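Got the viewer open? Let's take a walk through this protein, one selection at a time.

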Amino acid sequence: MGSSTSTPPPPAKSKKPAQKAADNQILTSYQKVIVRNAWRHMSQKGPSNCGSTITRRMMARKSTIGEVLDRSTLDYHNIQIVEFLQKVMQMLDEPDKISKLCQEIGQKHAKYRRTKGMKV
């Protein structure tokens with residue numbers, strides 16, 4: 001008697017690849033322009049200057065960083081920081097790659113947790 005059959009809902013529309021990529025973005029297009037302009041401005045004074053400024057500011061905020069970094073490796077770290085930031089600037093449209101890069105760097109530093117007293 002009066003068995004009613006309900007019609008199934010229409011299939012969900014799949015997102016276009018461009019829409020999926022846009023959903024995954026951390027920064028808006030406008031913010032990316034600002035970050036890229038700031039980086040261009042910062043790096044005009046030379047990469048080593050930029051790296052040393054970042055290292056100095058990190059050490060000023062957290063004095064234990066100076067205890068962890070060996071003075072003989074400061075120049076090396078300055079260069080590494082700049083190279084990292086350059087990679088990030090190149091990958092601003094690919095947050096998953098930035099996340100992977102950060103994870104790799106974190107894994108490399110994890111060994112210093114015990115030997116240098118770095119905190120997670």
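Before you click anything, a word on terms: helices (H or I, at least four residues) and strands (E, at least two) are DSSP runs, numbered from the N terminus. This is a predicted model, where local features need pLDDT of at least 70, side-chain atom pairs count only at pLDDT 80 or more, and totals for chains, interfaces and linings use all residues. Residues are numbered from 1 along each chain as its sequence is written, and side-chain values use heavy atoms, with hydrogens and water left out.

**Stop one: the whole chain.** Show the cartoon. You'll find seven helices and zero strands, so from the N terminus on the order reads α-α-α-α-α-α-α, with the elements being DSSP runs. Now turn on the surface. The accessible surface comes to about 10100 Å², and 56% of that belongs to carbon and sulfur atoms (areas come from the Shrake-Rupley method with a 1.4 Å probe; for residues, only the protein chains shown count as cover). Of the 120 residues, 18% are buried. Here buried means under 20% relative accessible area, exposed means over 50%, and partly exposed is in between (1.4 Å probe, protein chains only).

**Stop two: helix 5.** Select residues 74–90. How far apart should the ends of these 17 residues be, at 1.5 Å a residue? The expected span is 1.5 Å times one less than the number of residues, which gives 24 Å, and the end C-alpha atoms are indeed 24 Å apart. Next, show the side chains of Leu 74, Asn 78, Ile 81, Val 82, Leu 85, Val 88 and Met 89, which are buried. They cover an arc of only 120° around the axis, so they sit on the same side of helix 5. (The arc is that of the directions from the helix axis to the C-beta atoms.)

**Stop three: helix 6.** Move on to residues 95–110. The 16 residues of helix 6 should span 22 Å, and the distance between the end C-alpha atoms agrees at 22 Å. Which residues of helix 6 are buried? They are Pro 95, Ile 98 and Leu 101, and an arc of only 120° puts them on the same side of the helix. Spin to the other side and you'll see Asp 96, Lys 100, Gln 103 and Gln 107, which are exposed. The buried residues of helix 6 pack against helix 5.

**Stop four: the core.** Select Trp 39, Cys 50, Ile 81, Val 82, Leu 85, Val 88, Met 89, Met 91, Leu 92, Ile 98 and Leu 101: these 11 residues form the largest nonpolar core. (Such a core is a set of buried Ala, Val, Leu, Ile, Met, Phe, Trp, Tyr and Cys residues joined through side-chain atoms within 4.5 Å.) Helix 5 and helix 6 are the elements that give two or more residues to this core, and helix 5 supplies the largest share, five residues.

**Stop five: Val 88.** Zoom in on Val 88 in helix 5. Val 88 counts as buried at 11% relative accessibility. Leaving aside neighbours within four places in sequence, Val 88 is in contact with Ile 98 and Leu 101, where contact means heavy atoms within 4.5 Å. The C-alpha atoms of Val 88 and Leu 101 are separated by 8.6 Å, though the two residues are 13 apart along the chain. Ile 98, in turn, touches Val 88, Met 91 and Leu 92, not counting residues up to four places away in sequence.

**Last stop: the cysteines.** Select Cys 50, which is buried at 4% relative accessibility. Then try Cys 102, partly exposed with a relative accessible area of 36%. How many disulfides does a search of the whole structure find? Zero, with a disulfide being a pair of cysteine sulfur atoms within 2.5 Å.
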